[in-house]
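Trainee: Could we go through this structure together? I would like to begin with the empty space inside it.

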Amino acid sequence: MNGLTARDLPLSISPTRSKSPARRRGTDDEAEKRFTEEQIIAVQREHEAGAKTADLARRHGVSEATLYNWKAKYGGMDISDAKRLRPLEDENRKLKKLLAESMIDHAALKELLTKNGRVRRQA
């Protein structure tokens with residue numbers, strides 16, 4: 001070899017660095033994302049064009065599993081589709097939280113109305 005490492009090779013997409021010092025798994029906070037939707041879709045297009053997964057993963061500094069997760073989430077999308085996806089996911093997250101809170105309230109009220117395992121009937 002000629003002594004080049006992966007760091008010496010130019011990146012076609014430069015990731016934006018996380019503002020948070022400790023990246024938490026499973027969060028969808030935008031400040032913690034390394035790649036934008038546009039960058040992810042560009043990587044997916046490279047993959048669809050025939051680039052090998054291992055080469056793409058090494059070039060962009062991600063694992064092969066990450067590439068497959070991106071494919072599952074963004075596969076076949078255009079950039080405009082991905083931009084519409086984020087607000088929909090945010091709205092869905094808020095609605096799920098509201099549903100969970102209302103279910104907790106419902107269960108608490110039901111428990112208050114229950115006496116000896118039976119529901120009280122009000123006149």
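Trainee: Which element gives the largest share of the lining of the largest cavity?

Mentor: Please keep in mind that this is a predicted model. The largest share comes from α4, with four residues.

Trainee: Which elements give two or more residues to the lining of the largest cavity?

Mentor: They are α3, residues 64-74, and α4, residues 79-113. The residues that line the largest cavity are K33, E37, K73, Y74, A82, L85, R86 and E89.

Trainee: How do the lining residues divide into nonpolar, polar and charged?

Mentor: Five of the lining residues are charged, three are nonpolar and none is polar.

Trainee: How much space lies in the largest cavity?

Mentor: The largest cavity holds about 30 Å³ of space. The count of cavities of 30 Å³ or more is one.

Trainee: How is such empty space found in general?

Mentor: A probe the size of a water molecule is rolled over the atoms, and this shows where empty space is left.

Trainee: Let us turn to the helices. At what angle do α1 and α2 cross?

Mentor: The axes of α1, residues 37-48, and α2, residues 53-60, cross at roughly 150° and come within 10 Å. An angle over 145 degrees counts as roughly antiparallel, so α1 is roughly antiparallel to α2.

Trainee: Is the crossing of α1 and α2 left-handed or right-handed?

Mentor: The crossing is right-handed.

Trainee: Which residues make the contact?

Mentor: V43, E46 and H47 of α1 meet T53, L56, R59 and H60 of α2. By class, this contact of α1 with α2 has three polar, two nonpolar and two charged residues.

Methods: Residues are numbered from 1 along each chain as its sequence is written. This is a predicted model: local features need pLDDT of at least 70, side-chain atom pairs count only at pLDDT 80 or more; totals for chains, interfaces and linings use all residues. Side-chain values use heavy atoms; hydrogens and water are left out. On a 1 Å grid over the protein atoms alone, a cavity is a set of points where a 1.4 Å probe fits but cannot get out, and a pocket is an open set with protein on both sides within 12 Å along at least five of seven lines; lining residues have an atom within 4 Å of a point. Grid points are joined across faces, edges and corners, and a volume is the space filled by probe spheres set on the points. Ala, Val, Leu, Ile, Met, Phe, Trp, Tyr, Cys and Pro count as nonpolar, Asp, Glu, Lys and Arg as charged, and the others, Gly among them, as polar. Axes are lines fitted to C-alpha atoms, for helices over the stretch in contact, and angles run from 0 to 180 degrees between N-to-C directions. Angles under 35 degrees count as roughly parallel, over 145 as roughly antiparallel, 65 to 115 as roughly perpendicular and the rest as oblique. A crossing is left-handed if the near helix is turned anticlockwise from the far one by less than a right angle, and right-handed if clockwise. Contact means heavy atoms within 4.5 Å.
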